[in-house]
Structures are given as C-alpha cells and as structure tokens.
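User: I should like to go through this structure by question and answer. Please reason each point through and close each answer on the value or name requested.

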Amino acid sequence: MSTWSDIIGPLKQTESFKGVLEFIANRRAMGDIIYPEDKKIFNAFRFTPFDKLKVVIIGQDPYHEPNQASGLAFSVPAGVAVPPSLQNIYKELKEDVPGFSIPSHGCLIPWARQGVLLLNSVLTVKQGEANSHHDKGWEEFTDGVVEAINKNCSGVVFMLWGNAAKQKCKNVDRQKHLVLEAAHPSPLSAYRGFFGCKHFSQANAYLHKQGKTTVNWQLPLYLDGTECL
C-alpha cells in the first residue's frame, strides 16, 4: 500500500516545490507574516493517512487572519470564530444528514482522521491578503497530489465547490471515482447551488455501496483550544 511519502516524495523534488519553499523562507526573512506556521503547512496529509483516504474536499488557500489557518481547508482551531463558508457547510449538513447538530467550533480534524483530505490548492498566504501566494508553485504541487490520488486510488469521493475546485479536478476519472460538484459555500454563492447539494449523504451512500466505512460527519459539539490545534 502506498503512503503519502510515496505520493508526495517525487513532487517535493520538483523545481516548483523547492521554489515555493524558498519564496516562503525569503518572505518570512523580509518580515512577512505568513499563515499557517511552517509546522502546520502539510497538516492535511498529517491528519489523513493515505491508506484511509475516502473523500477529497478542495479549498482555495488558507485563512489569512491571525489564529485561523490550520493547514486543513475550511477548518479553524477550536476557540476561533467559525468562518462564514464553514457556517454554510454546517447549515447544509444539518439539512442533509439526519440528526446532525451544528457544533460550537470549526475544527474539522475529526473528519480528516476518518479519511477526508481537506486540501487547499495553495498552502500558504500572507497575513491579510487572500490568494497572495497564488502562482508561486503550490498549484503544481497540489495538482500533482490530485493526479496521484486519481491514479493510485479508486472509489474516492471528490467534493468540488466552486469553479476553481472543479477546474483543479477536471481530469479526475469519473469511472473510478465519484465527482460531486456544487457552488462554493461562501455567502456570495451558497444560494446559487451549494445549499441543497446533499454532497455529504451522497458521499456516504457511495462509500457504503463500495463496502467502505462511511464518514461520521457529526463533530464534537464542544472542544477547548487544546483538542484541535
């Protein structure tokens, strides 16, 4: 069975990957505040073992305000206000998954541990400047991750919210995987096709049909800050 080391190893040898790490180091040295901190940049892979991978959710880039970015798309540490897009994800879950209760926090690590890869297209951002590390080399790396999942796995659910996520995964083999598409859950677009998409129940129905363990989408209702760093 392959591991993330097998998958990511070759991607880390590329010039674009080395270039983006050099760019980040240089910008930090020049005084930029960059999120997340270095040890959290690859948390999506840390919390979701490759052999457990079931679902891929694609985000754009990390949250750009203090204490928000955790290395997991859409997730924030416990104790941090739940961002609007995640609030809308919770609203959809409440309508889609019987018995789902909206938690008081935005920590999605329990999903990640079950095999939900929360992958941003760009893995770092400058404080206060959304999408500021676009076209610095991260896209090539995460494109490679998506390509490797497509090639080396079968029966993965891709949840693609918004045009950027759909474009990133346009080459995913829909004979091997389930590709679910909807509008982005941000307040600007959630009412244009995200609400009512029922992606979470569809994902579990697909996993169940394959004989895989379904995802328990219910998160702990309360967490203190130490439980979801």
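User: What is the relative accessible area of T3?

Analyst: The model is a predicted one. T3 lies in the segment before α1 (4-8). T3 is classed as partly exposed, a class that runs between the 20% limit for buried and the 50% limit for exposed. The relative accessible area of T3 is 38%.

User: By what distance are the C-alpha atoms of T3 and D51 separated?

Analyst: T3 belongs to the segment that precedes α1. Along the chain, T3 and D51 are 48 residues apart. The separation of their C-alpha atoms is 6.8 Å.

User: Is β2 largely enclosed or open, and how many of its residues are buried?

Analyst: On one side of β2, V55, I57 and G59 are buried, and on the other side V56 and I58 are buried as well. Both faces of the strand are therefore covered. β2 is largely enclosed by the rest of the structure, because the count of buried residues is five of the five.

User: Which residue of β3 stands opposite V55?

Analyst: β2 pairs with strand β3 (residues 116-120) in the parallel sense. This pairing extends over five bridges. The residue of β3 opposite V55 is V116.

User: Which residue of β5 is the bridge partner of I57?

Analyst: β2 also pairs in the parallel sense with strand β5 (residues 157-161), over three bridges. Within β5, F158 stands opposite V56. The bridge partner of I57 is M159.

User: How many residues of β5 are buried?

Analyst: V157, M159 and W161 point one way from β5, and they are buried. F158 and L160 point the other way and are also buried. β5 is largely enclosed by the rest of the structure, since the buried residues number five of the five.

User: Which residue of β6 stands opposite W161?

Analyst: β5 pairs with strand β6 (residues 178-182) over five bridges. The sense of this pairing is parallel. Opposite W161 in β6 stands A182.

User: What separates the closest N and O atoms of D32 and R27?

Analyst: D32 counts as buried at 14% relative accessibility, whereas R27 counts as partly exposed at 25%. The two residues form a salt bridge, for which the cut-off is 4 Å. The closest N and O atoms of the pair are 2.8 Å apart.

User: Which residues are joined with R27 and D32 into one network?

Analyst: The side chains of E129 and K126 meet in a salt bridge at 3.4 Å, N to O. E129 is partly exposed, with a relative accessible area of 37%, and K126 counts as partly exposed at 24%. Salt bridges that share partners join R27 and D32 into one network with K126 and E129.

User: How many residues apart are D143 and K168?

Analyst: The salt bridge between D143 and K168 brings the closest N and O atoms to 2.5 Å. D143 is in helix α6 (residues 138-152) and K168 in helix α7 (residues 163-168), so the pair links distant parts of the chain. D143 counts as partly exposed at 36% relative accessibility, whereas K168 counts as buried at 14%. Their spacing along the chain is 25 residues.

User: Which residues form the positive surface patch?

Analyst: K52 is one of the members of the patch, and its place is in the loop between α3 (43-47) and β2 (55-59). K52 is partly exposed at a relative accessible area of 44%, which is over the 30% required of a patch residue. The patch is formed by K39, R46, K52 and R113.

User: Near what value is omega for the peptide bond from Y35 to P36?

Analyst: P36 lies in the loop between β1 (34-35) and α3. The peptide bond from Y35 to P36 is cis. Its omega is near -10°.

User: Near what value is phi of N67?

Analyst: N67 is found in the loop between β2 and α4 (84-96). N67 counts as exposed at 61% relative accessibility. Its phi is positive in a residue other than glycine, near 70°.

User: Near what value is phi of K198?

Analyst: K198 lies in the loop between β6 and α8 (199-209). K198 is partly exposed, with a relative accessible area of 40%. Phi of K198, a residue other than glycine, is positive and near 55°.

Notes:
Residues numbered from 1 in each chain as written. Predicted model: local features only at pLDDT ≥ 70, side-chain atom pairs only at ≥ 80, totals over all residues. Heavy atoms only, no water. Patch = residues over 30% accessible without salt bridge, like charges linked within 9 Å, V, L, I, M, F, W, Y side chains within 5 Å. Areas by Shrake-Rupley, 256 points an atom, 1.4 Å probe, with all protein chains shown as cover. Lys, Arg positive; Asp, Glu negative; His and termini not counted. Charge placed at Lys NZ, Arg CZ, Asp CG, Glu CD. Helix = DSSP H or I, 4+ residues; strand = E, 2+ residues; numbered from the N terminus. Buried < 20%, exposed > 50% of the residue type's maximum accessible area, 1.4 Å probe, protein only. Pairing = 2+ DSSP bridges.
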